[in-house]
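Dear colleague,

Please find below the structure that I am handing over to you. A short account of the findings follows it.

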Amino acid sequence: YVEKGCVYVDGVVQAKGSEIHKAAVVGDTVGDPLKDTSGPALNIVMKLMAILSLVFADFFNTFNDGEGLINWTQDTIAK
């Protein structure tokens, strides 16, 4: 986008070689490796949490007749 000359700052075209272009190149260079490594790792974490919640759902439901560790009722929420 910057290389095409589509960025204007104070009415001046910021094209290839400008400070805006240099910042975009640095951001792209730094951001790509982080995206490539954190994306798959977060995907695995989300899948693991989903599986754990399904596996332990019945266990969590057994506390306090399905009310959980803290006995929240409509009366205590309304206060």
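Helices and strands are here DSSP runs, of at least four residues for a helix and at least two for a strand, numbered from the N terminus. In these terms, the protein chain holds two helices and two strands, and their order along the sequence is β-β-α-α.

Please note that this is a predicted model. The protein chain has a mean pLDDT of 76, with 76% of its residues at 70 or more. Confidence is highest in helix 1, at a mean of 81, and lowest in helix 2 (residues 74-78), at 60. Where pLDDT is low, the predicted coordinates should not be read in detail.

As to the surface, 8% of the 79 residues of the protein chain count as buried. The accessible surface of the protein chain is about 6,800 Å², and carbon and sulfur atoms account for 65% of that area.

A nonpolar patch of about 1,100 Å² was found on the surface. Its members are Val-45, Leu-48, Met-49, Ile-51, Leu-52, Leu-54, Val-55, Phe-56, Phe-59, Phe-60 and Phe-63. One of these residues, Phe-60, lies in helix 1, which spans residues 19-61.

The search of the whole structure also returned one aromatic pair. It joins Phe-56 and Phe-59, whose ring centres are 6.3 Å apart and whose planes stand at 70°; the pair is edge-to-face because planes over 60 degrees apart are classed in that way. Phe-56 and Phe-59 are three residues apart in helix 1, so about one helical turn separates them.

Are the two members of this pair buried or exposed? Phe-56 has a relative accessible area of 37% and is therefore partly exposed, as values between 20% and 50% fall in that class. Phe-59 is also partly exposed, at 45% relative accessibility. Both Phe-56 and Phe-59 belong to the nonpolar patch described above.

With kind regards

Terms used: Residues are numbered from 1 along each chain as its sequence is written. This is a predicted model: local features need pLDDT of at least 70, side-chain atom pairs count only at pLDDT 80 or more; totals for chains, interfaces and linings use all residues. Side-chain values use heavy atoms; hydrogens and water are left out. Buried means under 20% relative accessible area, exposed over 50%, partly exposed in between (1.4 Å probe, protein chains only). Accessible areas come from the Shrake-Rupley method with a 1.4 Å probe; for residues, only the protein chains shown count as cover. Patches are made of residues with over 30% relative accessible area and no salt bridge: like charges are joined within 9 Å, nonpolar side chains (Val, Leu, Ile, Met, Phe, Trp, Tyr) within 5 Å. A salt bridge is a side-chain nitrogen of Lys or Arg within 4 Å of a carboxyl oxygen of Asp or Glu. pLDDT is the predictor's confidence in each residue, from 0 to 100. Rings of Phe, Tyr and Trp (its six-membered ring) pair if their centres lie within 6.5 Å; planes under 30 degrees apart count as stacked, over 60 as edge-to-face and the rest as tilted.
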